[in-house]
Amino acid sequence: MTDNHSSSNHVSAPDDAAARKAVEPVIVYPNDTLSPPDLRLYRAARTTAEKIDEVVVPPREAGTFRAQAGQFFRISSVDGPQVGDLNLWADGNLDERFYSGKTRALHGTHVTTGERLWSSIPYLRPMATIIEDTLGWYGMDDFGGSVHDVIGTRCDPYTHHLLAGDHYHHCCHSNLTRALADATGKPMAEIETQVHDVMNVFMCTGFTRDTGQYFMKASPVRPGDFIEFFAEIDLMGALSACPGGDCSTTHSSDVANCYPLKLEIFASQEGTLGDWQSPLPNGYDRSHGR
Ligand SMILES: [Zn+2]
């Protein structure tokens with residue numbers, strides 16, 4: 001692997017470089033002032049929740065789903081190891097969408113049980129909370145890799161065209177665009193700009209320590225593994241079964257073995273969520289100092 005940083009850097013280090021580099025980091029967004037989700041309440045409600053819908057997303061395609069505030073949605077591996085690219089919107093307002101960058105800033109590069117997926121500015125509120133993750137055991141491996149990242153963007157035909165020059169039509173971006181067009185009845189050219197940076201469900205990724213480059217490796221997911229979310233607001237979601245399959249080798253082509261992903265929606269029973277309330281949009285007054 002080429003060292004992109006040093007090969008283009010002709011600046012000599014100052015005398016106190018070592019001291020400057022030895023400064024300890026601080027967490028940018030200490031998140032201990034966020035009110036924690038009541039996982040015990042959510043899980044108790046889940047025990048009596050009833051399955052109301054199921055969507056099987058075919059390989060190299062995407063499917064859409066809706067989950068109302070207070071419902072649950074589960075994404076499961078079936079048939080073989082497969083990663084999924086997840087987009088979320090507020091149902092009825094595509095302007096409020098999953099904000100992977102701020103979710104990453106608040107929780108870290110990868111998310112698991114007890115962490116939340118946050119929506120875009122100016123809404124910036126929890127969209128969904130992870131209540132179960134059968135890959136929660138994975139943690140961080142020796143390469144700095146972990147699962148369920150919020151650092152990747154989605155495989156897309158534009159980047160592929162830049163790098164390879166051809167036209168591939170089943171990247172996650174295209175799969176999500178087709179699925180969203182079908183779900184909304186809007187033309188692809190109009191709806192494509194609503195597709196956004198994803199949560200990479202089951203994908204195992206990190207940044208190389210030497211060059212800081214985004215890497216992927218074979219997902220540890222196996223059939224039967226799942227991740228489950230509590231919908232904090234009314235949601236529309238789209239999930240693409242990435243053409244990279246388990247993302248052990250390549251993507252943006254039909255080369256990798258690909259498998260379906262299963263989506264299930266569960267409705268809570270009346271009264272089981274106590275005095276839980278769907279979060280309101282962010283409370284900042286939006287005056288921006290004027
Ligand atoms: Zn993909």
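Colleague: How many helices and strands does the secondary structure of the protein chain come to?
Modeller: This is a predicted model, in which local features need pLDDT of at least 70 and side-chain atom pairs count only at pLDDT 80 or more, whereas totals for chains, interfaces and linings use all residues. Residues are numbered from 1 along each chain as its sequence is written. With helices (H or I, at least four residues) and strands (E, at least two) taken as DSSP runs numbered from the N terminus, the secondary structure of the protein chain comes to 7 helices and 13 strands.

Colleague: What is the radius of gyration of the protein chain?
Modeller: The radius of gyration is taken over C-alpha atoms, and the globule rule is 2.2 Å times the number of residues to the power 0.38. For 290 residues that rule gives 19 Å, and the chain's own value is close to this, so the chain is as compact as a globular protein of that length, with a radius of gyration of 20 Å.

Colleague: What is the strand order of the open sheet of 6 strands?
Modeller: Two strands pair if DSSP finds at least two bridges between them. In the middle part of the sheet, strand 3 (residues 72–77) is joined to strand 13 (residues 261–267) by 6 bridges and to strand 11 by 5 bridges, while strand 11 also pairs with strand 7 (residues 126–133) over 5 bridges. The pairing is antiparallel, and the order of the open sheet is 1-13-3-11-7-6.

Colleague: Which strands stand at the edges?
Modeller: An edge strand here has a single partner strand, so one side of it is left without a neighbour in the sheet. In this sheet that description fits strand 1 (50–57) and strand 6 (116–118).

Colleague: Which residue in strand 13 is the bridge partner of serine 76?
Modeller: Serine 76 stands opposite phenylalanine 226 in strand 11, and serine 76 also has a bridge partner in strand 13. That partner in strand 13 is lysine 262.

Colleague: How many residues of strand 11 are buried?
Modeller: A residue is buried if 20 or more other C-beta atoms lie within 10 Å of its own, exposed if 12 or fewer, and partly exposed in between, with C-beta atoms placed from the backbone. Over the whole protein chain, buried residues make up 38% of the 290 residues. Strand 11 (residues 226–231) is mostly covered, and the number of buried residues among its 6 is 5.
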